[in-house]
Amino acid sequence: MTTQQIDLSEWTFWLPIAFTIFGIGLFILSRFWTRAWFATFTLTIAGVTALTVASPFVGWWLPAQGSSFSGEVDNLFLLIMFLTGLFFLLTEGLILFVLWNHAPKPGTAPLPIHGDHRLELIWTVVPGILLALIAVIQMPTWARMKGQGNESWLSARYESGGDKADLLLTVQGRQWEWRVRYRDPSAPPLARPLEWATHPEASDLHAVNEVHAYPGAKVRLLLRTQDVIHSFFVPELRLKQDMLPGRTVPTWFIPTVPAGTSNETRWEIACAELCGGNHYRMRGHLVIHPDKASFETWYSTAAREQSRRSRPPETGPLARKTN
Amino acid sequence: MSAPVSHHTDDHAPSGFLSRYVFSKDHKVIGIQFFFSSILFLLLGGALALLVRLQVGYPEQALGLLTYCFPFLQSRIPAEWGGRMSPEFYTMLFTMHASVMIFFVIIPWLTGAFGNFLIPLMIGARDMAFPTLNMLSYWFMWPAFICICASFFVDGGASGVGWTAYPTLSSAATANGDWASPAARHAGAGHVLWLISLMFVGVSSLMGSINYITTVIHCRAPGMSLWRMPLTVWALLITAILQSVALPPLTVALIMQLLDKTAGTTFFLPPGGVGFGNWTTGPGGGQPLLWQHLFWFYSHPAVYIMILPAMGMVSDIMVAFCRKPLFGYKPMVFSMAAIAGLGFIVWGHHMFQSGMDPRLGTGFMLATIMIALPSAIKTFNWLATIWGGDIVFSSAMLNALAFVSMFIIGGLSGIFMAATPVDVVFHDTYFIVAHIHYVLFLSSLFGIYAATYYWYPKMFGRCMSENLGQLHFAPTFILANCTFYPMHILGIGGHPRRYYDPTLYEFLLPFQSLNRFMTVSAVLLGLVQILFIVNVFGSLFWGKKASRNPWNSNGLEWDTPSPPPHGNFDVTPLVLRGPYEYAVTGPSSDHLTQTQTEGQQS
Ligand SMILES: [Cu+2]
Ligand SMILES: [Cu+2]
């Protein structure tokens with residue numbers, strides 16, 4: 001698919017060289033054209049703006065949305081993108097305007113102005129209001145993502161609350177794999193799910209590097225680690241949570257898939273916190289079955305297989321390239 | 001204590017070579033010592049960065065001849081990787097890149113080099129308040145230099161646990177005391193040296209900052225009231241206060257981790273201990289999260305330590321090259337003070353996903369969002385300063401303009417991470433890498449370049465080449481954006497940082513072409529910096545001789561010969577006004593320096 005060796009004919013190689021020559025050309029131009037520096041700044045700022053605007057159209061953008069809160073997070077991202085984009089265009093535009101003019105009109109001189117109270121007030125109050133807006137508007141989303149999923153932001157906190165979950169599982173990180181343990185969905189709900197995270201039961205289903213779920217299931221994860229800090233990251237879920245040695249950190253998600261999906265959806269699980277040399281190979285998969293029935297079929301098959309083996313799975317192999 | 005302390009140095013003008021250039025107590029020589037050691041470490045940090053980029057851009061490329069360029073590379077290329085660097089080696093590269101750039105380049109260059117050189121000159125003092133302490137602050141850097149350089153060659157190599165050194169990856173130790181770590185190959189003796197090295201840097205900075213605070217409070221020339229100080233001095237003063245408050249917790253944390261590592265304490269080990277394979281540590285008595293709190297309590301303010309001095313210097317440079325007074329002097333000072341004050345209550349924004357109580361996250365989010373406000377105020381005041389100015393496109397001015405236009409990007413991208421739900425996505429991805437480089441490379445380093453071009457004539461009595469300086473600027477500006485801007489896009493796509501081979505992941509494959517583009521840009525960016533190095537060293541010998549005031553600026557430092565003699569001023573200057581009287585009808589020019597009486601010929 002993509003070559004990993006240095007390919008001199010690819011745009012990634014010749015374009016930076018062209019930009020370097022272009023920069024040197026702008027320098028030469030600046031020796032006899034006073035607006036060459038305006039051109040340098042304008043083209044650079046236009047370039048980064050163009051890349052940002054074009055990226056979504058060439059597939060360089062947010063991953064697919066795969067959880068109940070992913071849309072909410074993306075909207076917040078787009079809102080901030082819009083507001084900061086406005087400020088970016090305004091301020092960079094003003095700089096470019098100054099660079100274009102670069103000198104007062106003939107016969108006039110710069111004015112000895114030391115400040116202006118009204119202007120200071122304006123550019124303190126207006127950004128202040130917008131920032132306050134950004135601050136307030138995100139609180140409910142944060143509360144939903146980190147809390148039970150239905151509380152106000154005041155009570156947002158990590159809770160065990162496994163009784164309300166459809167699937168309860170412990171993911172334990174270790175160098176360099178995810179060890180997954182499911183609580184039997186047909187078993188009676190636990191009074192203290194956090195305790196279960198450290199006290200396995202015989203009916204638990206063990207797996208390595210694979211988390212299975214189905215659309216609409218409220219999945220509660222109890223994150224633990226055996227050795228160093230890892231971070232459970234599924235880009236499509238917009239979910240990332242560190243695993244702390246000595247602690248159980250609960251988190252949750254409800255997977256969603258596009259309507260009419262009839263196959264399994266596979267997303268990659270990545271480790272987002274440096275955890276040693278093979279940090280980058282700590283890859284797992286989140287498998288979303290098309291519906292609850294097919295998940296249950298998978299679960300009972302896996303449980304039967306486990307009882308035949310009668311012991312938890314061995315350490316899985318380190319992730320390898322599939323391409 | 002009415003006479004300025006610095007007067008004591010009068011009688012001690014240095015005589016021999018050693019006391020003049022090596023163990024000098026003259027603030028200018030100490031500043032220049034910091035200046036040159038920072039440049040040397042910039043080369044090391046840059047080389048490490050290029051190796052990092054090479055690996056991320058071309059994960060399957062063998063190093064080939066490059067192996068022989070770095071002596072510490074040769075022994076670290078295990079056969080099973082077919083001439084490629086090993087993943088463990090890669091962790092060392094980015095750890096040491098960040099550590100070198102932060103603790104040995106940006107902080108010493110801004111506060112050590114420019115802070116030392118400029119503060120006494122700009123406030124009209126003959127030297128620092130404590131010259132011997134000042135000398136010590138530089139010589140305390142040398143154990144740090146030696147430890148950090150030696151760490152590359154010890155068994156296991158230099159530290160590879162990230163510059164943040166999160167336990168238990170960094171602190172886990174085997175019981176037999178040979179420092180080999182059960183958690184990572186690069187967390188043994190090299191990491192112990194890293195901890196010791198940073199402790200020395202911290203002590204050095206602490207001595208420097210106490211000296212700066214005392215000097216600014218105590219040694220100002222007659223007439224130099226606080227509200228007549230240039231923004232550079234204000235920025236360095238506020239930075240020194242930040243350092244003196246933030247460094248002690250870091251030093252304590254470093255000592256705690258050093259003890260965990262070497263003496264068997266368990267400050268950062270949880271009560272249940274941790275296990276690696278079949279080997280388990282004993283029970284601990286601490287918390288890994290404690291390190292993160294202590295570390296970020298220093299390292300968030302450190303971000304401002306690395307940007308505030310540049311902000312101050314860029315303000316002073318811009319007024320000189322747009323021939324207009326600074327717009328909003330007091331708002332500029334107040335917003336710097338606000339950044340410094342708020343800077344102490346936002347550290348938790350690095351820990352939104354750490355497992356910290358999410359309600360705490362909300363509190364840190366509010367403070368973090370609010371800290372964007374003073375930065376916005378500063379930006380608008382810079383814009384108003386250059387508005388309608390008569391702009392001189394000197395190398396210094398171009399770099400200063402780059403600072404402002406790029407700080408806007410770095411500042412705005414910070415708002416994304418401040419928003420807690422969005423940070424869930426961006427935390428520990430390339431978006432953060434982009435943000436930190438827009439602040440530290442495209443802002444701090446451009447500010448450092450601007451200050452170097454601007455004050456070099458005062459430091460060495462010769463000007464840097466303008467042609468070479470501008471030839472350096474144009475491709476640097478473009479290539480720095482090519483190298484760092486696409487990292488935002490990678491981050492939006494969820495690309496985790498610190499990955500040895502991102503092509504292992506299907507969701508990252510579409511981004512690999514951008515990775516290659518950034519790598520080629522980075523290599524070219526590195527090559528272009530040779531022009532700057534050539535300019536710095538070549539101008540020492542071939543630069544045009546500098547007059548006292550080559551830029552027609554107002555600050556007191558331009559009242560002295562270039563370079564200033566021991567003791568700085570012929571007579572103690574009498575300060576009549578602030579440093580921003582441009583666009584006025586002066587005696588012979590369009591400005592009034594801080595000491596000129598109106599009508600007096602300059
Ligand atoms: Cu991990
Ligand atoms: Cu921070």
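This passage describes the nonpolar cores and a copper site of a predicted model. Local features need pLDDT of at least 70 and side-chain atom pairs count only at pLDDT 80 or more, while totals for chains, interfaces and linings use all residues. Side-chain values use heavy atoms, without hydrogens and water, residues are numbered from 1 along each chain, and chains are lettered from A and ligands numbered from 1 in the order in which they are written.

A nonpolar core is a set of buried Ala, Val, Leu, Ile, Met, Phe, Trp, Tyr and Cys residues joined through side-chain atoms within 4.5 Å, where buried means under 20% relative accessible area (1.4 Å probe, protein chains only). The largest such core has 298 residues, and A:Phe232, B:Phe104 and B:Trp109 have the most contacts inside it. Helix H4 of chain B (residues 87-123; helices are DSSP runs of H or I, at least four residues) gives the most to this core, with 25 residues. The core lies between domain 1 (22-103 + 122-144) and domain 2 (160-310) of chain A, because both give residues to it; the domain bounds come from an automatic or database assignment. A second, separate core of 5 residues includes A:Leu168 and A:Leu222.

The copper ion (ligand 1) has the protein donors A:His230 (ND1), A:Cys271 (SG), A:Cys275 (SG) and A:Met282 (SD), lying 2.1 to 2.5 Å from it; donors are N, O and S atoms within 2.8 Å of the metal (3.2 Å for Na, K and Ca). The site is tetrahedral, with angles of 87 to 126 degrees among its 4 donor atoms (four donors qualify if all angles lie between 85 and 135 degrees). A:Cys271 and A:Met282 are both buried.

Technical notes
Buried means under 20% relative accessible area, exposed over 50%, partly exposed in between (1.4 Å probe, protein chains only). Helices (H or I, at least four residues) and strands (E, at least two) are DSSP runs, numbered from the N terminus. Four donors count as tetrahedral if all angles lie between 85 and 135 degrees; four count as square planar and six as octahedral if opposite donors are over 155 degrees apart and all others between 65 and 115; anything else is irregular.
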